[in-house]
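Trainee: I'm new to this one, so could you walk me through it? I'll ask, you explain.

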Amino acid sequence: VERIAEEVIARFPEARVAVLSSDALRGPQSHEEAFGAISAREIDIIIGTQIVAKGHHFPWLTVVGVVDADLGLENGDLRAAERTFQLLQQVAGRAGRGERKGRVYLQTYMPDHSVMRALMAGDRDAFLARESEARERVKLPPFGRLAGVVVSSENAGLAMSFARAMARGAPAADDVAVLGPAPAPLAMLRGRTRLRFLVKTGRHVNIQAYMEAWLGPLKVPGAVRVSVDIDPYSFL
């Protein structure tokens, strides 16, 4: 946002610009002052992060632009499409809430993606129906269950060899698939190499019991960490 603010100020030197982000707004008073200035029409251009996407009513705001609108679709999260759709729909709703009509610009490298097409068509129900059908076809939640397992170590070779041993030791079971190991989306974090498994099961499988049967007997080396997340919310 700081870089965008620099370019906006250079291009529109007469405009009154406000940057709204968790770094720029610290504490209730700074929030109140910023949004008060916007309501009083003392701000011409708002540059913000997701904090401006929902819950705010700016009756004089008529144009919304989203830079890299498809960024959230590339994070390896099975809910990425619905989250991106929801966020973009919310931020688009900030424009034209008063008497004047609004206009929304989305910068995207994937204009044919189902999320972008649904937003352009204003067809939320069709998007949700397609998303539900796609998940049901491959038994992803809510039509199945998932567990995430991350193996990490400062020793990349040890992390890989232990993860491969884990894969060989995964019990066979009906309606259970163990995918991986593969590099986690954040493959290196704080000096540790991270490898990820994704366990996918049918909806009625006792996934906790399966994970206990698989991981319970493991003897984990002291230099290795194994973390488990049942019904994961984050896939990083």
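Mentor: Sure, and here's a definition to begin with: buried means under 20% relative accessible area, exposed means over 50%, and partly exposed is in between, using a 1.4 Å probe and protein chains only. Keep in mind that this is a predicted model, where local features need pLDDT of at least 70 and side-chain atom pairs count only at pLDDT 80 or more, while totals for chains, interfaces and linings use all residues. Residues are numbered from 1 along each chain as its sequence is written, and side-chain values use heavy atoms, with hydrogens and water left out.

Trainee: Is Ser21 buried or exposed?

Mentor: Ser21 sits in the loop between strand S1 (17–20) and helix H2 (28–39); helices (H or I, at least four residues) and strands (E, at least two) are DSSP runs, numbered from the N terminus. Leaving aside neighbours within four places in sequence, Ser21 is in contact (heavy atoms within 4.5 Å) with Val1, Thr49 and Ile51. Its relative accessibility is 4%, so Ser21 counts as buried.

Trainee: Is H3 roughly parallel or roughly antiparallel to H5?

Mentor: Axes are lines fitted to C-alpha atoms, for helices over the stretch in contact, and angles run from 0 to 180 degrees between N-to-C directions. Under 35 degrees counts as roughly parallel, over 145 as roughly antiparallel, 65 to 115 as roughly perpendicular and the rest as oblique. Helix H3 (residues 80–92) and helix H5 (residues 124–137) pack at about 165°, with axes 11 Å apart. That makes the pair roughly antiparallel.

Trainee: And how many charged residues are in the contact of H3 with H5?

Mentor: H3 brings Ala81, Glu82, Phe85 and Gln89, and H5 brings Arg124, Phe127, Glu131 and Arg135. For classes, Ala, Val, Leu, Ile, Met, Phe, Trp, Tyr, Cys and Pro count as nonpolar, Asp, Glu, Lys and Arg as charged, and the others, Gly among them, as polar. The split is three nonpolar, one polar and, for charged, four.

Trainee: Is H3 roughly parallel or roughly antiparallel to H4?

Mentor: H3 and helix H4 (residues 114–121) pack at about 30°, with their axes 10 Å apart. So H3 and H4 are roughly parallel.

Trainee: How many nonpolar residues does the contact of H3 with H4 have?

Mentor: From H3 come Ala81, Thr84, Phe85, Leu88 and Gln89, and from H4 come Val115, Met116, Ala118 and Leu119. By class there are no charged residues, two polar ones and, for nonpolar, seven.

Trainee: Which element gives the most to the largest nonpolar core?

Mentor: A nonpolar core is a set of buried Ala, Val, Leu, Ile, Met, Phe, Trp, Tyr and Cys residues joined through side-chain atoms within 4.5 Å. The largest here has 18 residues, and Val151, Met166, Phe197, Val199, Met211 and Trp214 have the most contacts inside it. Strand S5 (144–153), helix H6 (156–168), strand S7 (192–202) and helix H7 (207–215) each supply at least two residues. With five residues, the top contributor is H7.

Trainee: Where is Pro142 found?

Mentor: Most peptide bonds are trans. The bond from Pro141 to Pro142, though, is cis, with omega near 10°. Pro142 is in the loop between H5 and S5.

Trainee: Is Arg190 buried or exposed?

Mentor: Arg190 lies in the loop between S6 and S7, and its phi is positive, near 50°. At 75% relative accessibility, Arg190 counts as exposed.
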